[in-house]
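Please take a moment to look over the sequence and the fold shown here, and keep both at hand while reading on. The paragraphs that follow go from a sheet to the rings.

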Amino acid sequence: MDSITQFSLGAAIGIAVSPKKTAKIALISGLLATIPDLDIFLKYADPLTSVIKHRGFSHSLFYLSLIAPLVAFFLHKVFGLISYSKWLILAFLTLVTHPILDSFTIYGTSLLLPFSDSKIMIGSIFIIDPIYTIPLVVSVFYLFFKRKLLFIKKVSFNTIALFFSQFYLLFTFAMQQLIVPDGKAFATPTPFNSFIWRVVIIEDDIIRQYFVDIFGRKGVDTTIAKNHQLKKIAPDLVSKYSNFSSEFYNLKIENNQLILQDLRMGTIANPAFSFVIATFSDNTWKTVKPYRGERIFNTDEMFGDKLL
């Protein structure tokens, strides 16, 4: 999820856990919740590797659980404010809820490292969803500006926001299970909402895509050729990305370039992630250091303009 959402969730959890409901506790908790995303500053050999490694060890429940006591010890020594045991609960919850929430997006999160390198990618919520985030933001920023909690009929709005956001997360998961078809397929929301969903199905020779809303109204199918046979040109690179994307990828040749496309984000005709991994010259294919291919953003296609 986006940084605002992760910060707001962490801050709301800190407010709920701490006996002191202060802006300082909320700020520390919010910043703590963003720590797993610091891996974006790590440098890798190429953009393709960077995409695969993001949400890696820094999103592992095991590693985050290991550092939580050290983080709690540091916070207790530097700030005091609450007991070490409360800091420990706060640090643990704000750290581990970050990757758990990320795993509900389609990108993929290495929750199980070092025991498994499999990426968890439920895909039931878009990376930015205002319905999930806004209640948390309202609760946290009310505390920042008013220096007190917001209450509605003697019930903390922070508690209401936490319960509402997690209930909404479960709602999107339930909707996804109703929408996704059998077979090699996934269903994920279109940007900023959970009303219209994008469905991708991989069949023997083709890849299908359509949009559908929560009432079952379906758009027109779009199909492209499945070109997985091209992986023999760059088998190692394709295999690496195939594992990362749970095999939701495709290959195409354009302008004497072999382009690897991630089907999970964007659309099947216009993927958000495309990488040039080989070029054809002197009558032979040569693998290259992967780099991003060009992409033209198509708003109509992203939001399913063909929905009936």
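In this predicted model, four strands form an open sheet in the order 7-8-9-10, and their pairing is antiparallel. Strand 7 (249-254) and strand 10 (284-292) stand at the edges of the sheet, where each has a single partner strand, so one side of each is left without a neighbour in the sheet. If direction is ignored, neighbouring strands of this sheet are turned by 25 degrees against each other on average. What holds such strands side by side is a general matter: strands of a sheet pair through backbone hydrogen bonds, in either a parallel or an antiparallel way.

Within this sheet, strand 8 (residues 257-266) and strand 9 (residues 271-281) run antiparallel and are joined by seven bridges. To find one place where the strands face each other, the reader can look for L258, which stands opposite A278 in strand 9. Across strand 7, strand 8, strand 9 and strand 10 lies helix 8, which runs at about 0 degrees to strand 8.

From the backbone we can now turn to the side chains, and to the rings in particular. How many aromatic pairs does the structure hold? There are 14 aromatic pairs, and one of them is formed by F62 and Y63, whose ring centres are 5.5 Å apart and whose planes stand at 65 degrees, an edge-to-face arrangement. F62 has a relative accessibility of 33% and therefore counts as partly exposed, while Y63, with a relative accessible area of 32%, is partly exposed as well.

Another pair is made by Y107 and F244, and here the centres lie 5.5 Å apart with the planes at 75 degrees, so this pair is edge-to-face too. Since planes over 60 degrees apart count as edge-to-face, the angle decides the label. The pair links distant parts of the chain, for Y107 belongs to the loop between helix 5 (84-102) and helix 6 (130-146), whereas F244 belongs to helix 8 (residues 235-244), and 137 residues separate them. Are these two residues buried or exposed? Both Y107 and F244 are buried.

Ring pairs also join Y107 and F244 with Y241, F273 and F275 into a cluster. F244 has a charged companion besides, as R264 lies over the face of its ring at 4.7 Å from the ring centre. A similar arrangement involves K218, whose charged end sits over the ring of Y210, 4.2 Å from the centre of that ring.

Methods. Residues are numbered from 1 along each chain as its sequence is written. This is a predicted model: local features need pLDDT of at least 70, side-chain atom pairs count only at pLDDT 80 or more; totals for chains, interfaces and linings use all residues. Side-chain values use heavy atoms; hydrogens and water are left out. Rings of Phe, Tyr and Trp (its six-membered ring) pair if their centres lie within 6.5 Å; planes under 30 degrees apart count as stacked, over 60 as edge-to-face and the rest as tilted. Buried means under 20% relative accessible area, exposed over 50%, partly exposed in between (1.4 Å probe, protein chains only). Helices (H or I, at least four residues) and strands (E, at least two) are DSSP runs, numbered from the N terminus. A charge sits over a ring if NZ of Lys or CZ of Arg is within 6 Å of the ring centre and within 35 degrees of the ring normal. Two strands pair if DSSP finds at least two bridges between them. Axes are lines fitted to C-alpha atoms, for helices over the stretch in contact, and angles run from 0 to 180 degrees between N-to-C directions. Contact means heavy atoms within 4.5 Å.
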